[in-house]
Amino acid sequence: AHDFFNQTLGPNPYEQLTTTLKADAFSGLASVFDDSGDLSGAEELYGEAIRLRDSPWLHYNLARTLRRNRKLEESIREITKAVDAEPGNFTYVLAQAEVLFEAEFLNKAFDAYKLAAELKPEETYPRFMLAYTAGRLRLGQTAFNEYNKLLAGNLDPEVRGAIYKGMGNIYHDQGDYTQALAAYREGTAHIPKDANLFYNIARTYFMMNRLDEAHAAIRKSIELDSRSTESFTMLGAYYFKKGLMKEAYQAFEEAVRLNPENLEAYFNRDVVRKYQ
């Protein structure tokens, strides 16, 4: 594919290519670069294509590459150009919502997910993300309303479990730990191998000072995901509360090993060292 597009863009016998065909060739070559991981090269080639043919589709593709290259604000600018050109295009609007969410522009992401949900109300994903973003924005009632609308439909177990997890997170943030536990437990009935759900259960028990139940849940979380630095950090906190300093140190040490940037585990490990 790389050779073909290069030949197409080269000299004879392709000198008479139309501007549109040249733009398509640059775009095709850019997609090859993107797929092979050369994101900077892909950015440059999409830029060449756009200079020849200012197309919403090309802005969308460039936005995707920029997002993959972690240039989120540039990606937002490009996808917004595509949405402005075709405001009723579900694909563009959803892509805009995704990169806005990733860049933590949550209010704008909420509006974009809402538009995507209106454009295709039969699609579950934008409605779920609308509810999840509302939860992140502390719009609890709005989030619950959207989650409950989804629960009334026919959903895959993974989606239903994710909804209960999202509802549990809202209850937890509101300090309603009993309701949070009920939601998380309901979630485990649908996604029983979700390590993060059991971590959330442990975190909630911890807040309720029900330490032994927290320990059982965190052990289950580690059983499902033995590389979770957060779970080992919480395990260390449990042992510290129990006065088991050797075990606490080992748990914090494992958390640091799994993620050397886990500052909480670093600090707690050094505190525990003083008690040993």
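**Exercise 1. Place Glu104 in the fold and classify its accessibility.**

Solution. Start with location. Glu104 sits in the loop that links α6 (90–102) to α7 (106–119). Helices here are DSSP runs of H or I with at least four residues, strands are runs of E with at least two, and both are numbered from the N terminus. This is a predicted model, in which local features need pLDDT of at least 70 and side-chain atom pairs count only at pLDDT 80 or more, while totals for chains, interfaces and linings use all residues. Residues are numbered from 1 along each chain as its sequence is written, and side-chain values use heavy atoms, with hydrogens and water left out.

Next, accessibility. Buried means under 20% relative accessible area, exposed over 50%, and partly exposed in between (1.4 Å probe, protein chains only). Glu104 has 47% relative accessibility, so it counts as partly exposed.

Last, the backbone. Glu104 is not a glycine, yet its phi is positive, about 70 degrees. Most residues other than glycine have a negative phi.

**Exercise 2. Do the same for Arg70.**

Solution. Arg70 lies in the loop between α4 and α5 (72–85). Its phi is positive too, about 65 degrees, although Arg70 is not a glycine. Its relative accessible area is 53%, so Arg70 is exposed.

**Exercise 3. Find the contacts of Arg53 and Asn61 beyond four places in sequence.**

Solution. Take Arg53 first. It lies in the loop between α3 (39–52) and α4. Its relative accessible area is 35%, which means partly exposed. Contact means heavy atoms within 4.5 Å. By that test Arg53 is in contact with Thr20, Ala23, Asp24 and Leu58. Thr19 is 34 residues away from Arg53 in sequence, but the C-alpha to C-alpha distance is 7.4 Å.

Now Asn61. It belongs to helix α4 (residues 56–68). Its relative accessibility is 5%, so Asn61 is buried. Asn61 touches Ser27 and Tyr46.

**Exercise 4. Describe how α2 packs on α3.**

Solution. Get the geometry. The axes of helix α2 (residues 19–35) and α3 are 8 Å apart, at an angle of about 165 degrees. Axes are lines fitted to C-alpha atoms, for helices over the stretch in contact, and angles run from 0 to 180 degrees between N-to-C directions.

Classify the angle. Under 35 degrees is roughly parallel, over 145 roughly antiparallel, 65 to 115 roughly perpendicular, and the rest oblique. α2 and α3 are therefore roughly antiparallel.

List the contact. Residues of α2 including Phe26, Ser27 and Leu29 meet residues of α3 including Leu45, Tyr46 and Ala49. By class, there are eleven nonpolar, four polar and three charged residues in this contact. The classes are: Ala, Val, Leu, Ile, Met, Phe, Trp, Tyr, Cys and Pro nonpolar; Asp, Glu, Lys and Arg charged; the others, Gly among them, polar.

**Exercise 5. Describe how α10 packs on α11.**

Solution. The axes of helix α10 (residues 157–173) and helix α11 (residues 177–190) come within 8 Å and cross at roughly 165 degrees. The pair is therefore roughly antiparallel. Contact residues include Tyr164 and Met167 of α10, and Ala180 and Tyr184 of α11. This contact has eight nonpolar, seven polar and three charged residues.

**Exercise 6. Summarise the whole protein.**

Solution. Count elements: the protein has 16 helices and zero strands. Take the extent: its C-alpha atoms fill a box of roughly 80 × 45 × 25 Å along the principal axes. Check burial: 47% of the 276 residues count as buried. Check contact range: among contacts between residues at least 6 apart in sequence, 43% join residues at least 24 apart.
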